[in-house]
Amino acid sequence: MRLYNIIDRKELKKRLMCEEFNRKTISFYRYFILDDPQSFRDGIYKDWNELNCFGRIYVAREGINAQMSVPEHHFEAFINTLKKYPIFNEIPIKYAIEDDGKSFYKLTVKLRPKLVADGLNDDVFDVTNVGKHLDAAEFHSLVETGEHIVVDMRNYYESEIGHFKGAICPEADTFREEIDLVTDMLSDKKDQKILLYCTGGIRCEKASAYLKHHGFTDVNQLHGGILEYARQIRQLNLESNFIGKNFVFDERMGESVNGEIISHCHQCGKPCDTHVNCANDACHILFIQCPECAAQYDHCCSNECSSVKHAGEVEKHRFRTQNNRRFGNSLKYRKSYLLAKKE
């Protein structure tokens, strides 16, 4: 049995759209030392592939980070597979806020050096000395007072479409860049109450430990992240302090929390919170685009990209090389430049 997928992406997406059953989109993570990550990876791939589960799962010696789509009629069987491995004992599972069952189209389980590519040297600080975990109601009440420092630990393109009221949203491309920005900008506030949040909670585990290592005395984090906050707030019938849409790393790219649109199309400025990738494969930049601009620019981020999209491979290679040399891996500055060139 192959322990990876070899079917073409287009075919997989076609099969997904033809499915006549429902799926549940879930996510979970746990820091847990695995003695044999490879065997664990192969075992869960076999188990979940047999149940027709899809998703993007990262396994490292330090644990697991998973976003998945599970057929509803196999969900009980899926839960039973978790009971085979100690890492999953009482692991909290978070459910999607909005779920059309089309979040993933294949099963990918990858071995990684770390669960989050944070660029941090874990040997220089205690990664287990994390901040205080707050449930949704506790976090909600503290945000409501407006008296504490709320920090969004996600990348700027995530917070652009949705964030907590009054939150600091650093303009960072990566978690590594952001954690340094946050540490520096709050360096004179080490004795104040800090409230951290992210999508599902995993980034806050490292961020809170890092801040405590640097002398912050009252670090708190939203347990379960935005996903669990949205679920619990609805159950409690409270008005959400998170406004806009929660960015998710699957085919949906976002799910609305309170129905508001707080961002704008990067091309015309109309209210819009729909992320897309530029249809020019030599660019593929992530940006916000309304339906009207999608039609005008042929689903690209600029007229230049629209032209290159239909060009030959030589021209695409020149374009890709030129822009990679200019911007490196910076999504933020690449986007600024490309969108400024629209006509």
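Start by selecting Trp48 in this predicted model. Show everything it touches beyond four places in sequence, and you should pick up Phe28, Cys53, Ile57, Ile64, Met68, Phe78, Thr81, Leu82, Phe88 and Leu107.

Now widen the selection to the core around that side chain. Trp48 belongs to the largest nonpolar core, a set of 25 residues, and together with Phe28, Phe78 and Phe88 it touches the most other members. To see where the members come from, colour by element: β1 (23-31), α2 (37-50), β2 (54-60), β3 (63-71), α3 (75-82) and β5 (107-111) each put in at least two residues. Apart from this core lies another one, of 20 residues; Val130, Met153, Leu186 and Ile194 are among them.

Next, switch to cartoon and look at the sheet. Which order do the strands take? Reading across, you get β4-β1-β3-β2-β5, an open sheet of five strands with mixed pairing. The edge positions go to β4 (94-95) and β5; each has a single partner strand, so one side of each has no neighbour in the sheet. Zoom in on β2 and β3 and you'll find an antiparallel pair joined by seven bridges. For a landmark in that pair, pick Tyr58, which sits opposite Asn65 in β3. Then bring α2 back into view: the helix packs on the sheet and touches β1, β2, β3 and β5, with its direction at about 175 degrees to that of β5.

Stay on β3 and select Gly63, which is part of that strand. Is Gly63 buried or exposed? Its relative accessible area is 0%, so Gly63 is buried. Its contacts, skipping residues within four places in sequence, are Arg30, Phe32, Leu34, Tyr58, Ile87 and Leu115. Tyr58 is thus a contact of Gly63 as well as the residue opposite Asn65. Draw a distance from Gly63 to Ile87 while you're there: the C-alpha atoms are 7.6 Å apart, with the two positions 24 residues apart in sequence numbering.

Hop over to β1 and click on Thr25, which lies in that strand. With a relative accessibility of 5%, Thr25 counts as buried. What does Thr25 touch once residues up to four places away are left out? You get Met68, Ser69, Lys94, Tyr95, Ala96, Asp99, Ser103, Asp250 and Arg252. Met68 may ring a bell, as it is also on the contact list of Trp48.

For the last local stop, go to helix α10 (residues 303-309) and select Ser306. Ser306 counts as buried, at 15% relative accessibility. Leaving out its neighbours within four places, its contacts are Tyr297, Asp298 and Cys300. Add Ala279 to the view too: its C-alpha is 7.8 Å from that of Ser306, though the two are 27 residues apart along the chain.

Finally, zoom out to the whole protein chain. You're looking at 12 helices and 14 strands, in a C-alpha box of roughly 55 × 55 × 45 Å along the principal axes. The radius of gyration is 21 Å, which agrees with the value near 20 Å for a compact globule of 343 residues. Buried residues account for 52% of the chain. Of the contacts with a separation of 6 or more, 68% are between residues 24 or more positions apart. Switch on the surface to finish: the accessible area is about 16500 Å², and 49% of that belongs to carbon and sulfur atoms.

Definitions and conventions
Residues numbered from 1 in each chain as written. Predicted model: local features only at pLDDT ≥ 70, side-chain atom pairs only at ≥ 80, totals over all residues. Heavy atoms only, no water. Core = buried A, V, L, I, M, F, W, Y, C linked by side-chain atoms within 4.5 Å. Buried < 20%, exposed > 50% of the residue type's maximum accessible area, 1.4 Å probe, protein only. Helix = DSSP H or I, 4+ residues; strand = E, 2+ residues; numbered from the N terminus. Contact = heavy atoms within 4.5 Å. Pairing = 2+ DSSP bridges. Axes fitted to C-alpha atoms, helices over the stretch in contact; angles between N-to-C directions. Rg over C-alpha atoms; globule rule 2.2 N^0.38 Å. Areas by Shrake-Rupley, 256 points an atom, 1.4 Å probe, with all protein chains shown as cover.
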